Amino acid sequence: MAIHLPKILSSKQMVRRILSSPETNKVPKGHFAVYVGETQKKRFVVPISFLKHPSFQSLLNQAEEEFGFNHPMGGVTIPCSEEVFIRLTCNC
């Protein structure tokens, strides 16, 4: 159930890039913000190319079922732990 991404960046580089995004409303072109976590939500900025991957689409379907389309934090809230999200997005 892993997302297979092109090997442009190593997994560690990708995680650093995602985690180092500033906590502002600014999102780079071609990316979008998601909030992940069970109790405390952490903001991640991910490329829109993730939208085409079946595993990520499954997470979005879960988010729709749990939260509907009301995301008060300004980004999509993903109902999973940070570890699962990082593993999924880094193809680990």
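Trainee: Buried means under 20% relative accessible area, exposed means over 50%, and partly exposed is anything in between. Which of these is E82?

Mentor: E82 is partly exposed, because its relative accessible area is 24%. Keep in mind that this is a predicted model.

Trainee: Got it. What does E82 form a salt bridge with?

Mentor: Its partner is K42, and the closest N and O atoms of the two are 4.0 Å apart. K42 is partly exposed too, with a relative accessible area of 35%.

Trainee: How many salt bridges does the structure hold?

Mentor: Just one. E82 sits in helix α3 and K42 in strand β2, so the pair ties together parts that are 40 residues apart in sequence.

Trainee: And where does helix α3 lie?

Mentor: Helix α3, residues 82–90, lies across β1 and β2, and runs at about 15° to β2.

Trainee: Let's go to the sheet. What is the strand order?

Mentor: The order is β2-β1-β3, in an open sheet of three strands with mixed pairing. The edges are β2 (42–47) and β3 (76–78), each of which pairs on one side only. From one strand to the next, the twist averages 40°.

Trainee: In what sense do β1 and β2 pair?

Mentor: Antiparallel, over six bridges, with β1 covering residues 31–36. Look for V36 there: this residue stands opposite K42 in β2.

Trainee: Which strands does helix α2 touch?

Mentor: Helix α2, residues 54–67, packs on the sheet and touches β1, β2 and β3. The direction of α2 makes about 100° with that of β3.

Trainee: New topic: S81. Is that residue buried or exposed?

Mentor: S81 counts as buried because its relative accessible area is 12%, and the cut-off is under 20%. You'll find S81 in the loop between β3 and α3.

Trainee: What does S81 touch?

Mentor: Leaving aside residues up to four places away in sequence, S81 touches V36 and E38. In addition, a polar atom of the S81 side chain lies 3.2 Å from the backbone nitrogen of V84.

Trainee: Last thing: where is confidence lowest and where is it highest?

Mentor: Helix α1, residues 11–19, has the lowest mean pLDDT, at 53, while β2 has the highest, at 90. For the whole protein the mean is 76, and 66% of residues reach 70 or more.

Trainee: Over which residues does pLDDT stay under 50?

Mentor: That stretch is residues 5–9, and the model has eight contacts for them beyond four places in sequence.

Key:
Residues are numbered from 1 along each chain as its sequence is written. This is a predicted model: local features need pLDDT of at least 70, side-chain atom pairs count only at pLDDT 80 or more; totals for chains, interfaces and linings use all residues. Side-chain values use heavy atoms; hydrogens and water are left out. Two strands pair if DSSP finds at least two bridges between them. Helices (H or I, at least four residues) and strands (E, at least two) are DSSP runs, numbered from the N terminus. Axes are lines fitted to C-alpha atoms, for helices over the stretch in contact, and angles run from 0 to 180 degrees between N-to-C directions. Contact means heavy atoms within 4.5 Å. Buried means under 20% relative accessible area, exposed over 50%, partly exposed in between (1.4 Å probe, protein chains only). A polar contact is a pair of N or O atoms within 3.5 Å; within protein, one must be able to donate a hydrogen and the other to accept it, and residues adjacent in sequence count only if both atoms are side-chain atoms. pLDDT is the predictor's confidence in each residue, from 0 to 100. A salt bridge is a side-chain nitrogen of Lys or Arg within 4 Å of a carboxyl oxygen of Asp or Glu.
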